[in-house]
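Student: I'm new to this one, so please pick a single spot and take me through it slowly. Start with one residue and work outwards from there.

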Amino acid sequence: MPNNNYREVWFYAMDQIHEEYKNAGPQQETEFKLWFNMQYIEDTDNTITVSVPSEFLWQTMLKKGNIDKIAKKIESLTGQKNIKLQHIVSNENIAEKGTAQNAAPQKKNAEKAAFPASQKKHPQLNEAFTFETFIPGEDNSFAYNAALAAAKYPGKKFNPLLLYGGVGLGKTHLMQSIGNYLFHRDEKLKICYISAESFANEFIWSISLKAKAMDKFKSKYRNLDVLLIDDIHFLQGKEKVQEELFYTFNALRDKNSQLVFTCDRPVKELKVFNERLQSRLSNGFSIDLKLPSYETRRAILLNKLKLLDKQIPEDVIDYIAKNIETNVRDLESALTKMTGYAELIQKPVTIEVAQQQLRDIFSSPSAGTISIETIQKVVADLYTISVADLKSKKRDQKYVIPRQIAMYIARELTEYSFTEVGSEFGGRDHSTVMHSYDKISSEIKIDSSLEARIQLLMREIKDYKK
């Protein structure tokens, strides 16, 4: 029979570990919140049962040694030996709580309690986009936990929430997961999911009609409980729409409604954008979704196969995970191609077949497909300087940073040598280009926003139309 002999010890042990991480600095405290993400459920003899948001998260915490660290801490406090932790998967988590002591005990059916019984579908939301179908890896756990906290405590935690990053990294998935979570909890909530483009079109249509249409528009959006707007970068340069969104934002914040936005870049990099609205968004919680690591990519593929109830060999899964480093959509595209091919020929997919069928997806750009001129134009445009500035001898940071980034990207996306790249940037020598490349390579390892910006630039360069 379950008992609570270890309950108080559990909370005390977690608080001690929390203090250790907290004293090591803000970054380590964030590590604690992400990678000690579990709740006490019950215990029997020398076994403690906890709940975690996902199986993947549990396996990651095991690999990091965090589960063992908790067990050792409890053993040292109680004098007991061979304490074991076992888990159940639940969407409930403690990531957004200040200390482990605030976590309330959960029941055995915690995983069912996370989503209430309602099976109705919200008309604007994709029912496949839930927290259960999102795979949180090290690269996106903060975004996942912040979105879940916003869903559990709408209007109180992580409000407004801005999720930004490149295409196919899960921004829309997390945003709609918030909407689906809240809708399943209470169907009476006024929840609106809309793209920025549709919001702008609806606004323009309203002002073209009589005053009653605009009143109806304002009443619709300013009385919501939850507003989810996708791709707000679309609103750049649309001053009137931005102004209306600013007033809508204020009206909803005043009534503690939950606001969630997605964008393809940090909000401070939006051009021709309402300063007051930009300030409101900047003062909220802006979280970047990074490119998935190999472990996350592999977990995504396995989860997708499970949802599809399909199988492909392990070596093919590894092959896809190792070779597609772009985004989730590309991963799923490759997987769909492989499962479709297997059904068509009614034979197991081999690694040789995968190599043949996925050549077009794995092909990388070369010097013949992307020019230095294109790279210079896209980088200069993002940083609102001229191509001539990139090639100049100007030493202001305003020009040096984009110049170094452009040279780094030129080496990454083309086959030009350091000397050839230097000649395209005002006749600089190869050592200058090498220094720029090494500097940016080092900085993206510690600056996630710079990494996200460079990935965005690379995508825009690949899609550039002359």
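**From one lysine outwards**

Tutor: Let's start with Lys394, which is partly exposed, as its relative accessible area is 37%. On this scale buried means under 20% relative accessible area and exposed means over 50%, with partly exposed in between, using a 1.4 Å probe and protein chains only. Before going on, keep in mind that this is a predicted model, where local features need pLDDT of at least 70 and side-chain atom pairs count only at pLDDT 80 or more, while totals for chains, interfaces and linings use all residues. Residues are numbered from 1 along each chain as its sequence is written, and side-chain values use heavy atoms, with hydrogens and water left out.

Back to our lysine. Lys394 has a salt-bridge partner, Asp389, and their closest N and O atoms are 2.7 Å apart. To count as a salt bridge, a side-chain nitrogen of Lys or Arg has to be within 4 Å of a carboxyl oxygen of Asp or Glu. Unlike the lysine, which is partly exposed, Asp389 is buried at 11% relative accessible area.

Now step along to helix α19, residues 397-413. Helices here are DSSP runs of H or I with at least four residues, strands are runs of E with at least two, and both are numbered from the N terminus. The end C-alpha atoms of α19 are 24 Å apart, which agrees with the 24 Å that its 17 residues should span. That expected span is 1.5 Å times one less than the number of residues.

How much of α19 is buried? The count is 12 of its 17 residues, so the helix is largely enclosed by the rest of the structure. Among the buried ones are Tyr399, Val400, Arg403, Ile405, Met407, Tyr408 and Leu413. They pack against five helices: α17 (372-382), α18 (387-391), α20 (418-424), α21 (430-443) and α22 (448-462). Contact, for this purpose, means heavy atoms within 4.5 Å.

Two of those neighbours have salt bridges to show you. In α17, Glu373 and Lys377 are 4 residues apart, about one helical turn. Their side chains meet in a salt bridge, 3.4 Å from N to O. Both ends are partly exposed: Glu373 has a relative accessible area of 44%, and Lys377 has 34%.

The other neighbour is α22, and its Arg453 pairs with Glu269, with the closest N and O atoms 2.2 Å apart. Why is this pair worth a look? Glu269 sits in the loop between β7 (258-263) and α11 (275-282) while Arg453 is in α22, so the pair ties together parts that are 184 residues apart in sequence. Glu269 counts as buried at 13% relative accessibility, and Arg453 is buried too, at 12%. Elsewhere, Asp264, Arg265 and Glu460 are linked in a network of salt bridges. The whole structure holds 14 salt bridges.

That loop leads us to β7 and the sheet around it. β7 is one of 5 strands in an open sheet with parallel pairing, in the order β5-β6-β7-β4-β8. Two strands pair if DSSP finds at least two bridges between them. At the edges are β5 (191-195) and β8 (285-288), each with a single partner strand, so one side of each is left without a neighbour in the sheet. Neighbouring strands are turned by 15° against each other on average, direction ignored. Angles like these come from lines fitted to C-alpha atoms, for helices over the stretch in contact, and run from 0 to 180 degrees between N-to-C directions.

Let's finish at the β5 edge. β5 runs parallel to β6 (residues 226-230), and 5 bridges join them. In one of these, Tyr193 has Leu228 of β6 as its bridge partner. Across both strands lies helix α8 (residues 196-208), running at about 95° to β5.

So that's the route: from the Asp389 to Lys394 salt bridge, past the largely enclosed α19, over to α22 and its Arg453 bridge to Glu269, and on to the five-stranded open sheet.
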